[in-house]
Each structure stands twice: as C-alpha cells, then as structure tokens.
Amino acid sequence: MGRTYIVEDAVEGYLTKQCEQKAVPITGLLIGQSSTQREYVVMATRTPQREESTASGGNSLDKEWVTEHARQVSRMLPGGLSVLGVFIVTDNDAKDTTTSLRQLVFAVENLISSERLWNSAEDDVSDRVVLHVNPKTRKTLCRTFDVKDPKSVAKPADWKYQSGVCSSWSTVSCCLSVDVLVPLPDKTTAAEETDKCLKEGLRGWAQQLEAAVCLINGRRLAADTELAGGQKRNTRQTYSAQLLITLDEQRLTDVFQRCGGSVSVRGAVYSTAYVHSNKPKARLAEKLLKRDTVSTVTTRAQMLLEELLTSGGASEGSSRDKHHREQFCLPHRVFCPVEASGPVCACDYHFSDEGLSEVIDRLKEMLDMDAAEKDLDTRRETPAESRDRDAADGPKVETTEALQSKRNYFGKRTFSVTPPNLFITSPQQPGKYLRGPRAAS
C-alpha cells in the first residue's frame, strides 16, 4: 500500500490556478511535513520562469534551475517543513514524464541534503512525491520514489485534499546562544577555503547540539511521551524549549590544532519547529527543533560567504579592528505566515543593508507568496544596530506588564534575540594552536 498525502485545500486552488496559465509545462515544489504514518502538504510553489536567453527551451525540464530553486526554498523553511517533492503541470501523458520526474526528484534531494549538517535518523521518511497535473482534464497522478534507493521505481500514492491541515499544529521555539570557534590552516586566504573550514567546524558543533539535553516547558520529557499529553487534542499548542550542551560532550568533541587564523560565529539565534497534530512525540519535537537550529546558523554563514565570494571579499556590514579581526553581521531571521490557516510560517534572512521590500520580493519569487510589510514578523530577532539605537534614546520606564512580556524562561512569550556575527581573524601568528570543534569523521 502506498503512502497517503493529506493536502491543504489552498494547494488545490493554487494548482488549479497554474492549470489556467498559458505557458506549460509548469514545474514547482511541494512543501510540508513527513511522518511515519502519512505526509502533510501545506503549500506549493512554482519554480520562477527562467530568462528566455538561458532557458533550455521546449517541453524539457530544466533540472538545474528547479534544483537550485529547491535549494533556495529549503533555506526559507523553519523546522518541521521541508521540500517533499515536485509537481508538474503539463498536457503530456504522465507515463512520458516518469523518467524526467524521477531524475528531477533525486537531483532535488541530492542538492538539498548536501547542505545539511545534521545526521539522518532511522525514522526519517525517504519517500519523495511527484505529482502530475493535466491542465485540460485537471486529473492528478501521485507517485513516490525512495530517494535512498538508486534503483527505486514509482509507487502509487493517495492524494487527499483537506481543510485546516496545519491549523492545530504545535509550535516549539527556543533561543540559543552560539559561540563557535573554527581554526583556519596556515596561509588560508581564499574564501572558498574559509567556507570549507567553517562548514567542517559547524559540523562538529552540530554533533554537540545533537547530543544536547532538550527541556520542553522546563521539563525533560521521555522520548515516547506524547507532546500534548494531558492537554486537549487537536488544539494549537505553543511550547518553550531549552537546548543544553553538557560540558562533557563539549570536551569530547573539542580538539587543539595548529592554525594560522580563525573564524568564529558568535551571538544568539531564534529557532522554531512546527509539529503535526497526529499524536506527536517529544522525540519528534526535539529532533525538528535541533535541526532548525543547525540549519539557521549554517544558512546564514553560507549566505554571507557566498556574498563575499561574489563581491571579491568585500561586505557592506564588515569592519576590521586593530587585531586584524574582521567582523561581519550575519542576517537576522524574518517570518511570514503562509496562506493556509494555522501557525505555520516561512522565513527569510534580512541583511542590515537591505529593506523589508527585498524580503517581500524574495518571498514572492521563491515561494510565490503575496506578502506586505505588515505581514512580516521581525520581532523574533533584533539586529544589533537596532538595539544600540534604542539604547541611545535614553532610559525608559517600563510597566510590570511590559517587563513580564520579555521573560522567556519556561514561558510562552515572544523571544527577541540579537543574531550572531561572524569574525575572521587574519593569520598573524603562524603555528598558533587553538581549540575548536572536532571535524566530523
């Protein structure tokens, strides 16, 4: 028996809208959450049109363009949301597109997984969906492929529309202080080498985080404990979490090594994960929250280094001190609710030299979301310069209610943190030894 996909009604309307477009074929991504029992699809987004001068032309799929779109979208998905597969709107027979869609869904998964620094779990679902939609008959054909099996063949799957799929999903959030120091080898000057070293250093930190103790509403829950135990089911819940890395675990993964410079990521991040309402376990909430924490830190570092590569090493938000240490402000996280009902949001990363209009443009281009500035939630993370500006305004008298709203210790309050900075120290003392996370084996 094939897998079952429970799909938000808004996705049906979106696919119907794509069927009305004149330009075919139309390809896009299906976004949602996997579970061992069923899949939940909460949104779909078409791949942006490529410029005619570089398009492959004809009815062939532009695999490189779609996979790059999937990589960018994957960075904009908080914990609990992922790219579940792809769809195509075409009047070609479904049998004629099977091979192309199979190649596409494998390519998408390979590119997305190449950026992940967290380890896969035994209960992770490896099936990915391909949906064929005929624009004339509106008939859909849903099939899945096991992306862990190179010889996988198409399997039939059920595609069922339902309203309010994520309306009662729970939200688990936390604020985590990050302080990662990564030694750089002697004579490392190229941004490409810095990127490689930083990625390995963050992989070691991700291993520490994977072993961290997770407290949910101040309690360490057994892995098989039902998240909503003792509470009314199918109601939206919000949980506050803490991730605690033990000193023993930190010492086990730290290592002294010879270096000529260093790069460090220091600050705090806001992490969040959405958990389906079908009797979710504490194990799932912890796994999704930890993965979001790793992903949001690595995504910001990768985005900054990509900018440095394209700009030749210069950055608008950088500064250099007397110790030859260059500081870069990593982007802060901005959230925007999806059209479907419920607490689920997508996110983007906002650099200090950008306006919110650029965030809105990216949400439209990557996720086909029509957002306005009033829809953006910028309160979760506050750029350092905003805090400095507020402090310069002078002291303020705050009411008890205002002070209470800032507390997040085991409570269900809004987190507001200062996003991290990235520091690069030039190799001034060759042969110096520094301690940092052990590179993953």
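Contact here means heavy atoms within 4.5 Å. The model is predicted, and the tour below goes through it by selection.

**Stop 1: valine 86**

Select valine 86, in strand β4 (residues 82-89). Its relative accessibility is 1%, so valine 86 counts as buried. Now show its contacts, leaving aside neighbours within four places in sequence: they are Gly28, Leu29, Leu30, Leu101, Leu104, Val108, Val129, Val130 and Leu131. Add valine 66 and draw a C-alpha to C-alpha distance to valine 86; it comes to 9.1 Å, for two residues 20 apart in sequence.

**Stop 2: the nonpolar cores**

In soluble globular proteins, nonpolar side chains tend to be buried together. In this model the largest nonpolar core has 90 residues. Select Trp169, Leu198, Trp205, Leu363, Leu367 and Leu422, the residues with the most contacts inside that core. Then colour helix α6 (residues 282-311), which supplies the largest share of this core, twelve residues.

Keep tryptophan 169 selected and display its surroundings. Not counting neighbours within four places in sequence, tryptophan 169 is in contact with residues including Gln33, Tyr40, Val42, Leu81, Arg236 and Gln237. Further along the chain, its contacts include Tyr274, Val275, His276, Ser277, Pro343 and Val344.

A second core, separate from the one just shown, has 19 residues. Select Cys19, Leu30, Val89 and Ala157 to find members of this second core.

**Stop 3: helix α7**

Go to helix α7 (residues 356-367). How far apart are its end C-alpha atoms? They are 16 Å apart, which agrees with the 16 Å that twelve residues should span at 1.5 Å a residue.

Select Val359, Ile360, Leu363, Met366 and Leu367, which are buried residues of α7. Turn the view to look down the helix axis: the buried residues fall within an arc of 150°, so they line one face of α7. Next show what that set packs against, namely β2 (26-34), β3 (39-46), α2 (63-75), β16 and β17 (345-350). Step just past the helix to aspartate 368, where phi is positive, at about 55°.

**Stop 4: a salt-bridge network**

The whole model has 26 salt bridges. Start with glutamate 115 and arginine 71, whose closest N and O atoms are 2.7 Å apart. Glutamate 115 is in the loop between α3 (94-114) and β5 (127-133), while arginine 71 is in helix α2, so this bridge ties together parts 44 residues apart in sequence. Both ends are buried: glutamate 115 at 18% relative accessibility, arginine 71 at 12%.

Select arginine 75 and glutamate 306 next; their salt bridge also has its closest N and O atoms 2.7 Å apart. Arginine 75 lies in helix α2 and glutamate 306 in helix α6, so the pair ties together parts that are 231 residues apart in sequence. Is each partner buried or partly exposed? Arginine 75 is buried, at 8%, whereas glutamate 306 is partly exposed, at 32%.

For another bridge, select arginine 379 and aspartate 377, which meet at 3.1 Å, N to O. Aspartate 377 is buried, with a relative accessible area of 14%. Then return to the earlier bridges and display Glu68, Arg71, Arg75, Glu115 and Glu306 together: salt bridges that share partners join these residues into one network.

**Stop 5: aromatic pairs**

The whole structure contains four aromatic pairs. Select tryptophan 159 and tyrosine 161: the ring centres are 6.2 Å apart and the planes stand at 90°, so this pair is edge-to-face. Tryptophan 159 is buried at 13%, and tyrosine 161 is partly exposed at 28%. Add Tyr5, which forms one aromatic cluster with Trp159 and Tyr161.

Move to tyrosine 270 and phenylalanine 335, with ring centres 5.7 Å apart and planes at 85°, so this pair is edge-to-face too. Tyrosine 270 is in strand β13 (residues 261-275) and phenylalanine 335 in strand β16 (residues 332-337); the pair links distant parts of the chain, 65 residues apart. Both residues of this pair, tyrosine 270 and phenylalanine 335, are buried.

**Stop 6: asparagine 421**

Finish at asparagine 421, in strand β18 (residues 421-425). Asparagine 421 is buried, with a relative accessible area of 15%. Setting aside residues up to four places away in sequence, asparagine 421 touches Ser264, Val265, Arg266, Gln327, Phe328, Cys329 and Leu330.

Conventions. Residues numbered from 1 in each chain as written. Predicted model: local features only at pLDDT ≥ 70, side-chain atom pairs only at ≥ 80, totals over all residues. Heavy atoms only, no water. Phe/Tyr/Trp six-rings, centres within 6.5 Å; stacked < 30°, edge-to-face > 60°. Buried < 20%, exposed > 50% of the residue type's maximum accessible area, 1.4 Å probe, protein only. Helix = DSSP H or I, 4+ residues; strand = E, 2+ residues; numbered from the N terminus. Expected span 1.5 Å × (residues − 1). Arc of directions from axis to C-beta. Core = buried A, V, L, I, M, F, W, Y, C linked by side-chain atoms within 4.5 Å. Salt bridge = Lys/Arg side-chain N within 4 Å of Asp/Glu carboxyl O.
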